[in-house]
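Please look through the sequence and the fold shown here before reading on. The paragraphs that follow begin with a single strand and work outwards from there.

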Amino acid sequence: MAATLWIGTRKGAFALRPDARRRSFKLSGPQFLGHVIHHIVADPRDPKVVLMARRPGHHGPTVFRSTDRGKTWKEASNRPRSVK
């Protein structure tokens, strides 16, 4: 399976996926429409696992994890703490 380029924006997350020959690309999304996505990274040990740092407005930052290449997401049980 070809690599996915994950794009985090102030309007949500997008995925840019190439075809098998990398001649054309399909843009999907947005996921988490209207939320600020700071970081998205695929786990190099397992390409099905994707982690995302998201800030959903007034609730503060949180981390989400997908185990199916971004089809579904689950929020981390503990929110990240700020370092001062």
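Along strand 5 the side chains alternate between two faces: V50, M52 and R54 point to one face and are buried, while L51, A53 and R55 point to the other and are not. Buried here means under 20% relative accessible area, exposed means over 50%, and partly exposed covers what lies in between, computed with a 1.4 Å probe on protein chains only. Strands, like helices, are DSSP runs numbered from the N terminus, a strand being a run of E of at least two residues and a helix a run of H or I of at least four. This is a predicted model, in which local features need pLDDT of at least 70 and side-chain atom pairs count only at pLDDT 80 or more, whereas totals for chains, interfaces and linings use all residues. Residues are numbered from 1 along each chain as its sequence is written, and side-chain values use heavy atoms, with hydrogens and water left out.

Strand 5 belongs to an open sheet of 4 strands, in the order 4-5-6-7 and with antiparallel pairing, where two strands are said to pair if DSSP finds at least two bridges between them. The edges of this sheet are strand 4 (36–42) and strand 7 (74–75), each of which pairs on one side only. Strand 4 and strand 5 (residues 50–55) are antiparallel and paired over 6 bridges; within this pairing V36 stands opposite R55, and V41 stands opposite L51. Strand 5 is also joined to strand 6 (residues 62–66), by 5 bridges and again antiparallel, and here M52 stands opposite F64.

M52 deserves a closer look. Why does M52 count as buried? The reason is its relative accessibility of 2%, which is under the 20% limit. Leaving aside neighbours within four places in sequence, M52 is in contact (heavy atoms within 4.5 Å) with A13, F32, I37, H39, I40, T62, V63, F64 and W73. M52 and E75 are 23 residues apart in sequence, and their C-alpha atoms are 9.4 Å apart in space.

A second open sheet has 3 strands in the order 1-2-3, with antiparallel pairing. Strand 1 (5–9) and strand 3 (25–31) stand at its edges, each with a single partner strand, so one side of each is left without a neighbour in the sheet. Strand 2 (residues 12–18) pairs with strand 3 in the antiparallel sense over 5 bridges, and P18 stands opposite F25 in that strand 3.

The largest nonpolar core has 10 residues, namely W6, A13, A15, F32, I37, I40, V50, M52, F64 and W73; such a core is a set of buried Ala, Val, Leu, Ile, Met, Phe, Trp, Tyr and Cys residues joined through side-chain atoms within 4.5 Å. Strand 2, strand 4 and strand 5 each supply at least two residues of this core. Beyond its neighbours within four places in sequence, W6 has contacts that include A15, I40, V50 and W73. In soluble globular proteins, nonpolar side chains tend to be buried together.

Charged side chains come last. The count comes to 1 salt bridge, defined as a side-chain nitrogen of Lys or Arg within 4 Å of a carboxyl oxygen of Asp or Glu. D43 forms a salt bridge with R45, with the closest N and O atoms 2.8 Å apart. D43 is buried, with a relative accessible area of 15%, whereas R45 is exposed, with a relative accessible area of 75%.
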